[in-house]
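Hi everyone, thanks for coming. Have a look at the structure on the screen, and I'll talk you through a few parts of it.

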Amino acid sequence: MDKSNSITPVVKWVGGKRQILSEITKYVPETFSVYYEPFVGGGALLFELQPQRAVVNDINCELMNIYVVIKENVEGLIADLQRHKNEEDYFYRIRELDRNREFYSMLTPVQRASRIIYLNKTCYNGLFRVNKSGEFNAPFGNYRKPNIVNETALRAVSAYFNSAQIGFACQDFEDALQGAEKGAFVYLDPPYDPLSATASFTGYDRGGFGREEQARLKNSCDKLNKKGISFLLSNSATDYIMDLYRDYKIEVIRARRSVNSKGERRGDVAELLVMNY
Ligand SMILES: C[S@@+](CC[C@H](N)C(=O)[O-])C[C@H]1O[C@@H](n2cnc3c(N)ncnc32)[C@H](O)[C@@H]1O
């Protein structure tokens, strides 16, 4: 099937790769059997490549629910999104819904997906941010005309998901990579190793992703390498990551970053692409 130009990420995500996509695509192998993206987030590379066979995963189950709903009931999602209002009181009422776990668990998958997309489009800075209890805690953004219902993109993504063979999962990256076989291509975009102790952004989900997790990920890369599976990994250009992956090919690229904890480090930063081919 031809690639669709209407397909763009449906949520804005911390660490979104849209600005450096052209750098990344230069290093994607020309052919592979199955595409794996175990830290999919906003899915910028997935939507750029639109592979016909893929396994996509993120530990954030609210995010993965959005993708499954887009595949299975995009019209229901669009209808539900249309009833949202870009008003402060309304925003906080919708944001509150996850404070009552019992009530929240009764929402349908469509209602949950619609809530997260709405909050993502109307909250400050357009991010998914939760506190330690897993409750959405970004404040109202007060934007003039947020694009809450991007029907064209949602329908295009849905058409793609239904024309391809894609497995969606919400688990740890190691589990998501279990079935990968020789010939597959894996793109890894984990939470980055922080450039400084204060720059760490841990709002993706509860738990965080510290150096132990980075080392566990490197171990997974070694296993992929042994199985003859190509992997490409994005991370920040810290001494720790450079040293961890010293046995692999490392390319340094410049990225424009606008999202971090305080906004104090906006501008160009070096990022790494690590690969075993
Ligand atoms: C840098 S973001 C991915 C950005 C994405 N590639 C994009 O273009 O928007 C990292 C993602 O890893 C997820 N994550 C964190 N820990 C994880 C784990 N142990 N296993 C799988 N996913 C994890 C987070 O929920 C987050 O969505």
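Let's start with helix H7, residues 109-122, in what is a predicted model. H7 has 14 residues, and from its first C-alpha to its last it reaches 20 Å, close to the 20 Å expected at 1.5 Å a residue.

Now, how many of the 14 residues of H7 are buried? The count is 12, so the helix is largely enclosed by the rest of the structure. If you want to find them on your screen, they begin with Val110 and then Arg112, Ala113, Ser114, Arg115, Ile116 and Ile117. The list goes on with Tyr118, Leu119, Asn120, Lys121 and Thr122. You'll notice that Arg112, Arg115 and Lys121 are among the buried residues. And what covers them? The cover of the buried residues of H7 includes helix H3 (61-72), helix H4 (74-81) and helix H5 (88-96).

That brings me to the nonpolar core. The largest one has 61 residues, and Ile66, Ile70 and Val186 touch the most other members. Which element gives the most to this core? Our friend H7 does, with 6 residues. The core also draws at least three residues from each of domain 1 (18-60 + 164-192 + 206-275) and domain 2 (68-151). Those two domains come from the domain assignment of the protein, and their C-alpha centres lie 27 Å apart.

Let me zoom in on Val186 for a moment. Leaving aside residues up to four places away in sequence, Val186 touches Tyr36, Leu177, Ala180, Leu224, Ile229 and Phe231.

Last stop: the loop between H7 and helix H8 (151-163), where Asn125 lies. A bit of background first: most residues other than glycine have a negative phi. Asn125, though, has a positive phi, near 70°, and is not a glycine. Is Asn125 buried or partly exposed? With 13 C-beta neighbours inside 10 Å, Asn125 counts as partly exposed, because a residue needs 20 or more to be buried and 12 or fewer to be exposed.

Further along, Asn142 also sits in the loop between H7 and H8. Asn142 is another non-glycine residue with a positive phi, about 60°. With 13 other C-beta atoms within 10 Å, Asn142 is partly exposed.

So, to recap: H7 is largely enclosed, with 12 of its 14 residues buried, and the loop between H7 and H8 holds Asn125 and Asn142. Thanks, everyone!

How values were computed:
Residues numbered from 1 in each chain as written. Predicted model: local features only at pLDDT ≥ 70, side-chain atom pairs only at ≥ 80, totals over all residues. Helix = DSSP H or I, 4+ residues; strand = E, 2+ residues; numbered from the N terminus. Expected span 1.5 Å × (residues − 1). Contact = placed C-beta atoms within 7 Å. Domains from an automatic or database assignment. Core = buried A, V, L, I, M, F, W, Y, C linked by C-beta atoms within 7 Å.
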